[in-house]
Amino acid sequence: MEKKIITISREFGSGGRYIGEQVAKKLGMAYYDKDIIKKVAEESGLSKEFIEKKGEYSPAGKGFAYAFVGRDQTGASLEDYLYSLQRKIIIDIAKKESCVIVGRCADYILKDCQDCIDVFIHGNQEEKSERIQKLFEKTEKEAGKMMNQMDKKRSIHYKYYTDQNWGDARNYTLSLNSSVLGYDKCIHILADLAEGPM
């Protein structure tokens, strides 16, 4: 198989991370999610927990949140510094090997990459809520709140650094509804696509 990069953006609770991990296993590809956080931590000296929180979420659930973060004399913020580090790491990874990369605006960062398959995984509210309730031991109300907050922060972060709308089908090679297709079918579709010619 020629080199392929699969980037996965996902709604919270849609199983996008699991799908990405299973596709990587099925195809014998490297899988990058928490590994990117570890690499950024090593280069920046910041904690993994801090980077995980800042790496793909806006500082708050409002579009103007970035206007209020601390900035240095050049106008750059800590969030900008982390984004530039993540960008460098993602580009280096994509040059090196076939892999699956989850989140972190990877679809946009690698937009000029010819061997990329950019995927958006979404799902039905009820099924996502049920999954969140089980995974995080939350009530239905708490799961709904978590879902809304996480997706809103991802959307704002994505818009700020890409000037594109998160989840807009035009930004991706394909969009998959994991509630309708099921995880196994999503994995099969992505594996088939990666193994075929682009």
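The following exchange concerns a predicted model of a protein and what may be read from it.

Residues are numbered from 1 along each chain as its sequence is written, and side-chain values use heavy atoms, with hydrogens and water left out. Local features need pLDDT of at least 70 and side-chain atom pairs count only at pLDDT 80 or more, whereas totals for chains, interfaces and linings use all residues.

Trainee: What pLDDT does the protein average?

Mentor: The pLDDT is the predictor's confidence in each residue, from 0 to 100. In this protein 87% of the residues score at least 70, and the average is 88.

Trainee: Over which residues is the pLDDT below 50?

Mentor: The stretch in question has 11 contacts in the model beyond near neighbours in sequence, a contact being heavy atoms within 4.5 Å. Where pLDDT is low, the predicted coordinates should not be read in detail. The pLDDT is below 50 over residues 68-72.

Trainee: How many helices and strands does the protein have?

Mentor: Helices (H or I, at least four residues) and strands (E, at least two) are DSSP runs, numbered from the N terminus. Their order is β-α-β-α-α-α-β-α-β-α-α-β-α-α. The protein has nine helices and five strands.

Trainee: What span is expected of helix α7?

Mentor: The expected span is 1.5 Å times one less than the number of residues. Helix α7 covers residues 140-162, which is 23 residues. From its first C-alpha to its last, α7 reaches 33 Å, close to the expected 33 Å.

Trainee: Is Asp 163, just after α7, buried or exposed?

Mentor: Asp 163 lies in the loop between α7 and β5 (174-177), and takes a positive phi of about 60 degrees. Buried means under 20% relative accessible area, exposed over 50%, and partly exposed in between (1.4 Å probe, protein chains only). Because its relative accessible area is 60%, Asp 163 is exposed.

Trainee: Which residues of α7 are buried?

Mentor: An α-helix has 3.6 residues a turn, so residues three or four places apart point the same way. In α7, the buried residues include Ala 143, Met 146, Met 147, Asp 151, Arg 154, His 157, Tyr 158 and Tyr 161.

Trainee: How many disulfides does a search of the whole structure find?

Mentor: A disulfide is a pair of cysteine sulfur atoms within 2.5 Å. Cys 116 is in no disulfide, and its nearest cysteine sulfur, that of Cys 113, is 3.7 Å away. Cys 116 is buried, with a relative accessible area of 7%. Over the whole structure, the number of disulfides found is zero.
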